Amino acid sequence: MTIHLPDAHGAPRAYEPRTEHLAPAPGAPFTSRTVFAAAHVVADPYADVTPDSPAAVDWDATLAFRRHLWSHGLGVAEAMDTAQRGMGLDWAGAAELIRRSAAEARAVGGRIACGVGTDQLTGPASLAGVRAAYEEQLALVEDSGAQAILMASRALAATAKGPEDYLRVYGHLLRQAADPVILHWLGPMFDPALEGYWGSPGLDAATDTFLQVVAAHPDKVDGIKVSLLDARREVGLRRRLPKGVRCYTGDDFHYPELIAGDEHGFSHALLGVFDPLGPLAARAVRVLDTGDTDGFRALLDPTVELSRHLFQAPTRFYKTGVVFLAWLAGHQTHFTMVGGLQSARSLPHLARAYELADRLGLFPDPKRAEERMRTLLSLYGVTA
């Protein structure tokens, strides 16, 4: 049946939902790329909370979604930006998420890496305070048995006086890390508080400092995760990495070309968009494992329009579209988010996300997705 979706101006337009999905099945482990999906958290819709309250998480549904990703061979990047870290999920909630997800990963044999930050700091901090906060979180992640991802720190961005402070803090952390970590550079389009990270307003100088950190401790850096939405810069950066240090793309605009690579190398992946794209992305990577780059691109290139839509400015609100698609796909029973972030995108934005995802065949039950879309439309007073 035709459904009428509001366009960007609120005018209704007819759309004919598909009736079958692509049904990618779980398969063998990946051989050519290491791939993480940064996973969202499922809120408890029955909790009596406000947007300012500590996050109320539905742990059963949250862990079930991670089992879904692991079943398709994807690693889980836990307690990251996609999990609303610092946007509804505080450190206490993130710590519990890390402990629970790491235990679940051990139980099912899933790969997991977890975010290490400084978000327990709630006010001005010294460099020593930033180091101590990082150390506390690093210890928890290592004790859980997960790989550590050293995330960019709002507190460090506010405290550091220049590149030397970044070199000192990161050098201190890498020297004491038990195992190689992933270094994460999150651009200000994802978090405005990270403007000027690595101590320089210009990206060229910031890149040089970032690479200094890596070059000084190559044995403690498994890889770097770059989320700048700049494919040219990522390619240039990965060509300058020491041998054996990986580049994990976090570019939700250019991921097919970056993962496919060129004659000089390629990027692995740690992507928020692989939360909704999980099964399809896994299918594409298995095609790439056979050496069929064209087949890989044929599967993944059509997903870029959806990703660019979800991550359009203000980019930090992409989580709303990710959770919305998880609801439509049946991975959770409601469209509620910690911090009340389900209100961060407009109805026309969500309607377009539904249409693009449906065209890709992302919904295991297209009829259920259509019915849920109609329910949302009715809540807004729209007759579909």
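How many aromatic pairs does a search of the whole structure find? The count is 18. Keep in mind that this is a predicted model. Some notes as you look through it:

1. Start with Trp-185 and Phe-210. Their ring centres are 5.3 Å apart and the planes meet at 65°; planes over 60 degrees apart count as edge-to-face, so this pair gets that label. Trp-185 belongs to strand 7 (residues 181–186) and Phe-210 to helix 6 (residues 203–216), so the two rings tie together parts that are 25 residues apart in sequence.

2. Are these two rings buried or exposed? Trp-185 is buried, with a relative accessible area of 2%, and Phe-210 is buried too, at 0%.

3. Phe-210 also pairs with Trp-198. Here the centres are 4.9 Å apart and the planes are at 35°, so the pair is tilted. Trp-198 sits in the loop between strand 7 and helix 6, while Phe-210 is in helix 6, so this contact ties together parts that are 12 residues apart in sequence. Trp-198 is buried as well, with a relative accessible area of 0%.

4. Zoom out a little and those rings turn up in one aromatic cluster: Trp-185, Trp-198 and Phe-210 are joined there by Tyr-134, Tyr-166, Tyr-170 and Tyr-197.

5. Elsewhere, have a look at Arg-33. Its charged end sits over the ring of Phe-266, 3.5 Å from the ring centre.

6. Now for helix 1, which covers residues 59–71. With 13 residues at 1.5 Å a residue, the helix should span 18 Å, and the end C-alpha atoms are indeed 18 Å apart, so the two figures agree.

7. Which residues of helix 1 are buried? They are Trp-59, Ala-61, Thr-62, Leu-63, Phe-65, Arg-66, His-68, Leu-69 and Trp-70. Note that Arg-66 and His-68 are on that list. As background, an α-helix has 3.6 residues a turn, so residues three or four places apart point the same way.

8. What covers those buried residues? The cover includes strand 3 (35–38), strand 4 (75–78) and strand 5 (112–116), along with helix 2 (91–108) and helix 9 (274–289).

9. Both ends of helix 1 deserve a glance. At its start, a side-chain oxygen of Asp-58 reaches to within 3.3 Å of the backbone nitrogen of Asp-60. After the helix comes Gly-73, with a positive phi near 90°.

Conventions:
Residues numbered from 1 in each chain as written. Predicted model: local features only at pLDDT ≥ 70, side-chain atom pairs only at ≥ 80, totals over all residues. Heavy atoms only, no water. Phe/Tyr/Trp six-rings, centres within 6.5 Å; stacked < 30°, edge-to-face > 60°. Helix = DSSP H or I, 4+ residues; strand = E, 2+ residues; numbered from the N terminus. Buried < 20%, exposed > 50% of the residue type's maximum accessible area, 1.4 Å probe, protein only. Lys NZ or Arg CZ within 6 Å of the ring centre and 35° of its normal. Expected span 1.5 Å × (residues − 1). Contact = heavy atoms within 4.5 Å. Polar contact = N/O pair within 3.5 Å; in protein donor to acceptor, adjacent residues only side chain to side chain.
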